[in-house]
Amino acid sequence: MPPISSATRDFLSYLRPLALAVAAAGCGADDRAPDPPDTGPSMTCQPGEMPLEGGGCQPAGLPPGVTAGLPPEMPCPPGELPLEGGVCQPAGVPPEACGGGFEPDGSGGCAAVLPEDACPRGQMAIPGDTGCHEVSPCGGGDYGSIPVEATTQFVNGSYPGSDSDGTREKPWRRIQEGIDSAEAGAIVAVAAGSYAEDLLVQDRPVRLWGRCPALVEVVGSGTYSTLEISSHGSASGAEVHQLSITGPGGGILVIGSSDVIVDRVWVHDTGGRGIGVQSASTPTSISVGASLIEATSDAGVFVGGSQATIESTVVRDTQPRRSDDSGVGVVLVQDPATHERAAVTIRTSLLDRNHVGALVSGSDARIESTVVRGLRPATDGPVSAGVLVTEADVPTNGRASLLLRTSLLERNDMHGVVAFGSDATIETTVVRGTQPLTDGTFGRGVSIRDRGSLTLRASLLEQNHEAGVHVVGSDATIEATVVRATQPAREGGPGRGIDVDEHATTHEPATLRLRSSLLEQNHEVGVHVVGSDATIEATVVRATQPGGAGKRGSGVVVRDTPTAKERATLALRSSLLEQNHENGALIVGARATIESTVVRGTQANGEGEAGRGVMVGLNEATNARGSLTLRTSLLEQNHEVGVGVLGSDATIEATVVRATQPPGAWTDGIGVVVEPMPDSGERGSLMLHTSLLEQNEGGGVVVISSDAAIEGTVVRATGLNRDGQFGRGIEIQKDPETHERATLSLRASVVEQNHESGVFVAGSDATIDATVVRGTQPTRDGDPGDGITVDSGGNPATVAITSTTVESNTRAGVASFGAAVVLVSSTVRCNRLDLNGRASLDGHQPFTFDGSRDNVCGCDHPVSPCPVETATLSPPERYPAIPPAPEWVTPGGDGGRAPRP
């Protein structure tokens, strides 16, 4: 037998003194007229009310001033963020926050202004451009718009003479000759032509300036980079303008030089990196503007231990050098010798059709008003992402950081943004349509792992796959963000809005802080928390769709794991869960507090099962009991069960559970169900205080082989189930297979206008004190309408009723079928039969009212002692056990088993 719960012990200690009177006398042994029943020695409120601190009484249901289940002091409705001045900002990107080159899309995001078709080779478009254009116009004459100064050196490869001196009339035929002849800071002007040479700027800065990239091409030999700027600071301030760079080696390499400018340059079809920037123990920095870096190898722009600014630039079609490499648009890494961090700012740019848009390793990146679009590879290779952020393999200073603002990441492969052991802040950004691998895995919007941290604000994540946000062994704060329509990556797979998981190897828990956000139309689970901790406030989780085989579709799921260092926890406040499927909230072996929250309209899954509001249950993998505290909340128009407790513990306070309806595969819509875990038999327990259960169907509260204490609560107007058999207010009964008894302590409550039985006790034990049970109606077939029904069913059943009123029920006030009932200081009146008793149907268990005293019965002419009728009445049927939630333990995520870069 499972251990006796505290509720059971309380019941037994209360029942024993009353049971001592069983042998004293029958009902009416004391012939004196009783005093009017009171409501208990310390009751100052009416049944269905509870005293408040400082005086006064609180009626059952939501606290005063709370009419919709949400706290009245909320400055904004769920899904909106309060701002200064009393303004409420809906979740998503505010229209005014769209970056330059973007416009509001009308659905909480921003759309980039770009041409519909891809630009041809050598042409480009950045956010804000409606058409493709050349990198730079060519202008007229040999040198177009190149500035001409007194020190300018001219280069023209088509000059026929052999007397070059760098003047316009006698230009150099090779660019390197112009560089070598130029003074520090002088312009080297290059006319149209293809120049097959490797260029080196090393002992002084020059300004290399071509007529235009379409007409001026420098083709390197492939030994090193086509253009190298290096010399421990001597070449700092060098500039490159308006030409194209190509060749079998790298494009432009900057080493140990600062303040280098690359402007309106086309770097293309190189065998190595397009632009490389390395510190070499000397401060190094570069500014790349209005340029096109196309079809380079390994990296479009590589920044090692240096600083770079990239603006109004396109980096596209970067190719891997080997089959196991990724072609990365922009790379930031620490200097391998000095561990100096790289720092890069990217603005108003397009990173397009790269395998990884940007890679940040142990460095710092700021990306603003930029579009990062991916390339679907022919075969699955190494990790791919729009932006990949990872810690460097150094003892200190290894965490990378990312600030991503006012940008769009779409159609990337595997991940929109993924961060390993690093820090990412994402604001006013759209992450959309991340694609899975061909094996049906990944496709996630944002992933944070390995004790990384994520701050995600005022953003939109939609049409990603497997998970909109995936947090593994890390910390995430998400605010004012929309996570919408996450799709399964494969048939039967998940498409979760937010997935929070402990790490599979270290078992470090993750943490989630989710506020003022909207999650809608995701698949399988809206918010999924495994072995971790989540706080959800002022958030809407809506219309989560069933996953594979039509199962699940829950709004919020939190569950414990065998490997977790601590039990998983959920704090859900001031939120709205509506139109989800199978479960509004599901707690498995975890601790959950739900306060001031609305759970509404949960639908059955694709097989017509469940549709439950809140479920809490034992985790069979860990044997951990679930724990639920549900306060000041509203659960309405859910299906099958409003609140379900399986082998776990629940406290419900000042809450309304209303209008639970039958789903397609079940005939009932029960308000609250408490029962043991089916396989282990672990008992459930319920503490129900100051709450209102009304207009449910089939049962208000059903307790099977478990323990319940109900106080200051109203259970009202329970309708008949779909079969018209049941509509009971409160029912407790033994388990039909194990015969484990249930216990009930019912105090200071009102049970009224229910059907068939107001309170039904079958093979179990109950105390009923200072309670009103009235107006019970019959079923459609005219079956009983008893106030309190006690049925032994072949097992002892005991009920002690004190200071209680049982009135105006359509059949019996109190009906005993082979049970022991003790009735003290109570009023039973205006029922067709006030007290009725008969032996159990098998005749082996007699009924008794022994020990009853000080009662009043009758209607127009009250009498005391109360007579006991022995009409041949039939006991009602037992309630069938409620099936556990379909696929009770929802499978978790990958626990951190994603490939590392």
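Here are some worked exercises on a predicted model of a protein.

**Exercise 1. Overall build**

Work out what the protein is made of, and whether it is spread out or a compact globule.

*Solution.*
Step 1: Start with the secondary structure, which comes to 2 helices and 82 strands.
Step 2: Next, take the radius of gyration, which is 37 Å. The globule rule gives 29 Å for 901 residues, and 37 Å is well over that, so the protein is more spread out than a compact globule.
Step 3: Now put a box around the C-alpha atoms along the principal axes; they fill roughly 140 × 50 × 45 Å.
Step 4: Look at the surface. About 30800 Å² of the protein is accessible, and 49% of that belongs to carbon and sulfur atoms.
Step 5: Finish with burial and contacts. Of the 901 residues, 62% count as buried. Take the contacts between residues at least 6 apart in sequence: 63% of these join residues at least 24 apart.

**Exercise 2. The nonpolar cores**

Find which residues touch the most other members of the largest nonpolar core, then follow one of them to its contacts.

*Solution.*
Step 1: The largest core has 146 residues. Those touching the most other members are Ile-275, Ile-498, Val-527, Leu-628, Val-701 and Val-759.
Step 2: Ask which strand gives the most to this core: that's β10 (residues 187-190), with 4 residues.
Step 3: There is also a second, separate core of 33 residues, and its members include Ile-126, Val-135, Val-314 and Leu-576.
Step 4: Now zoom in on Leu-628, leaving aside neighbours within four places in sequence. Among the contacts of Leu-628 are Ile-587, Ala-592, Ile-594, Val-614, Val-616 and Val-643. The list for Leu-628 also takes in Asp-649, Ala-650 and Thr-651.

**Exercise 3. A serine in a loop**

Decide whether Ser-532 is buried or exposed, and find what its side chain reaches.

*Solution.*
Step 1: Locate the residue. Ser-532 sits in the loop between β48 (525-530) and β49 (533-537).
Step 2: Check the accessibility. The value for Ser-532 is 0%, and buried means under 20%, so Ser-532 counts as buried.
Step 3: Look for polar partners of the side chain. One is the backbone nitrogen of Glu-502, at 3.3 Å from the Ser-532 side chain. Another is the backbone nitrogen of Ala-510, which lies 2.9 Å from a polar atom of that side chain.
Step 4: List the rest of the surroundings. Not counting neighbours within four places in sequence, Ser-532 is in contact with Val-500, Asp-501, Glu-502, Pro-509, Ala-510, Ala-568 and Thr-569.

**Exercise 4. Three salt bridges**

Take the salt bridges of Arg-573, Arg-658 and Arg-811, and say what each one ties together and how buried its residues are.

*Solution.*
Step 1: Recall the idea: side chains of opposite charge can pair when their charged atoms come close. Salt bridges here come to 61.
Step 2: Arg-573 pairs with Glu-537, with the closest N and O atoms 3.0 Å apart. Arg-573 is in strand β52 (residues 569-573) and Glu-537 in strand β49, so this pair ties together parts 36 residues apart in sequence. Arg-573 is partly exposed at 30%, and Glu-537 is partly exposed at 29%.
Step 3: Arg-658 pairs with Glu-694, and the closest N and O atoms are 3.0 Å apart. Strand β62 (residues 656-658) holds Arg-658 and strand β65 (residues 692-694) holds Glu-694, so the parts tied together are 36 residues apart in sequence. Arg-658 is partly exposed at 25%, whereas Glu-694 is buried at 10%.
Step 4: Arg-811 pairs with Asp-786, the closest N and O atoms being 2.7 Å apart. Arg-811 lies in the loop between β77 (805-807) and β78 (812-817), while Asp-786 lies in strand β75 (residues 786-791), so the pair links parts 25 residues apart in sequence. Arg-811 is buried at 9%, and Asp-786 is buried at 0%.

**Exercise 5. A threonine after the helix**

Place Thr-44 in the structure and find which residues it touches.

*Solution.*
Step 1: Thr-44 is in the loop between α1 (6-19) and β1 (49-51).
Step 2: The relative accessible area of Thr-44 is 65%, and exposed means over 50%, so Thr-44 is exposed.
Step 3: Leave out residues up to four places away in sequence, and Thr-44 touches Pro-51 and Cys-57.
Step 4: Compare sequence with space: Thr-44 and Gly-56 are 12 residues apart in sequence, and their C-alpha atoms are 8.6 Å apart.

Note on methods
Residues are numbered from 1 along each chain as its sequence is written. This is a predicted model: local features need pLDDT of at least 70, side-chain atom pairs count only at pLDDT 80 or more; totals for chains, interfaces and linings use all residues. Side-chain values use heavy atoms; hydrogens and water are left out. A nonpolar core is a set of buried Ala, Val, Leu, Ile, Met, Phe, Trp, Tyr and Cys residues joined through side-chain atoms within 4.5 Å. Buried means under 20% relative accessible area, exposed over 50%, partly exposed in between (1.4 Å probe, protein chains only). Contact means heavy atoms within 4.5 Å. A polar contact is a pair of N or O atoms within 3.5 Å; within protein, one must be able to donate a hydrogen and the other to accept it, and residues adjacent in sequence count only if both atoms are side-chain atoms. A salt bridge is a side-chain nitrogen of Lys or Arg within 4 Å of a carboxyl oxygen of Asp or Glu. The radius of gyration is taken over C-alpha atoms; the globule rule is 2.2 Å times the number of residues to the power 0.38. Accessible areas come from the Shrake-Rupley method with a 1.4 Å probe; for residues, only the protein chains shown count as cover.
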